[in-house]
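Got your viewer open? Load the model and keep the selection tool handy, and we'll go through it stop by stop.

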Amino acid sequence: MATSRADVEKGGSTKQEAGKVPSPLYPQHEGEREWTPWLVPSILVANIVVFVLAMYYNNCPAHSNNTTTKARAAADGQQCVARFLGRFSFQPLRQNPLLGPSPATMVKMGALVWDKVVHGHEGWRLFTCMWMHAGILHLLANMLSLLLIGLRLEQQFGYVRIGGIYMLSGLGGSVLSSLFIRGSISVGASGALFGLLGAMLSELLSNWTIYTNKVAAVLTLLFVVAVNLVLGILPHVNNFAHIGGFITGFLLGFVLLMRPHFGWMERYGLPAGATCTSKKYLPYQWALMAVALFLAVAGFAIGLALVFRGSNANESCHWCHYLSCVPTKSWTCTN
């Protein structure tokens, strides 16, 4: 039977499998509490609200009526989709197959556009783009992923750590996108979501000894990441946001999600007044945190400096564009 939190705080003992942390204790923050997720649901609501506002501002029927007649629009495939929704109806499928607003609306609402970031000094787009989505299909896919990944992480590690990883990973995805993609706009929370996946992987690797079925867990996580990265080579999918977010989250996971050493955790099971001699983190854990923090800070500093200088990373890496789109007989790739 699992020991309650009150028993732990009173110094009650519990039988433990050798070398493993009891599941009721270790998943909580430092063995003391289990967080109630509220940030992840709030992020979900915020993304939905932003999408609704974008559709309200888009007002497809008003713009289509100003440019062409209904008969001509229907014949040209330029008629708004789901017109019964009124001003919330979607752009024609030829313009946006994901059922969403027009590119012009997304740009006005804060989409990532290289020229506006560099020459227009609109660096805020590096953040705002992660709150926008190209269509309702895009939104549903990302929000479902957010719930599946984010709720468990926030429950275990709290809103401060997970919120920090989410925002900084989204920024990392935007920075890498700006270095490689110039001729198209970019929106979506995919970079931030890949950051959570990267953090899950680094957390699993750094706390390897406390898990059972760890090999299966790593293989499953790597499979999920690999499938999504492969899908990212399709046209109109910004794989650089995925890669940048994943690398950022992977590094931040070592810094923010490192669990205390098992010996230090055992202090909760010691009799009252007993002294715990074990240190919170072992030397290799401190080394991992230091190296990961250095790489993350250096990466952001160098990346942001290159972005605002207007550097084009494609000039230094002539094959990197294949990471985001691979041309085939069925489609072509444009920057």
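A helix here is a DSSP run of at least four residues marked H or I, numbered from the N terminus. Keep in mind that this is a predicted model.

**The whole chain.** Start by showing the protein chain as a cartoon. You should see 14 helices and 0 strands. Of its 335 residues, 44% are buried. Look at contacts with a separation of 6 or more, and 74% of them join residues 24 or more positions apart. Switch on the surface and about 17,400 Å² is exposed, with carbon and sulfur atoms supplying 67% of that.

**A patch on the outside.** Next, select I48, V52, Y56, F84, L85 and F88, which make a nonpolar surface patch of about 580 Å². I48 sits in helix α2, residues 39–58. Is I48 buried, partly exposed or exposed? It counts as partly exposed, because its relative accessibility is 36% and that class runs between 20% and 50%.

**Into the core.** Now hide the surface and go for the largest nonpolar core, a set of 38 residues. Pick out L146, L153, Y166 and L196, the ones with the most contacts inside it. Elements giving two or more residues to this core are α2, α8 (136–157), α9 (159–180), α10, α11 (214–231), α12 (239–256) and α14 (283–308). Which of them gives the largest share? That's α10, with 9 residues.

Zoom in on L153 and ignore its neighbours within four places in sequence: L153 is in contact with G158, I162, L196 and M200. There's also a second, separate core of 15 residues, including V175, F180, V307 and A313.

**Helix α10.** Select residues 190–206. Of the 17 residues of α10, 16 are buried, so the helix is largely enclosed by the rest of the structure. Try a distance between its end C-alpha atoms: they are 24 Å apart, which agrees with the 24 Å expected for 17 residues at 1.5 Å a residue.

**Helix α14.** Last stop: α14, with 26 residues. Its end C-alpha atoms are 38 Å apart, in agreement with the expected span of 38 Å. Colour its buried residues: Q285, M289, A292, A296, F300, G303 and V307. What covers them? The cover includes α6 (114–118), α9, α10 and α12. Then step past the end of α14 to G310, where phi is positive, near 80°.

How values were computed:
Residues are numbered from 1 along each chain as its sequence is written. This is a predicted model: local features need pLDDT of at least 70, side-chain atom pairs count only at pLDDT 80 or more; totals for chains, interfaces and linings use all residues. Side-chain values use heavy atoms; hydrogens and water are left out. Patches are made of residues with over 30% relative accessible area and no salt bridge: like charges are joined within 9 Å, nonpolar side chains (Val, Leu, Ile, Met, Phe, Trp, Tyr) within 5 Å. Accessible areas come from the Shrake-Rupley method with a 1.4 Å probe; for residues, only the protein chains shown count as cover. A salt bridge is a side-chain nitrogen of Lys or Arg within 4 Å of a carboxyl oxygen of Asp or Glu. Buried means under 20% relative accessible area, exposed over 50%, partly exposed in between (1.4 Å probe, protein chains only). The expected span of a helix is 1.5 Å times one less than its number of residues. A nonpolar core is a set of buried Ala, Val, Leu, Ile, Met, Phe, Trp, Tyr and Cys residues joined through side-chain atoms within 4.5 Å. Contact means heavy atoms within 4.5 Å.
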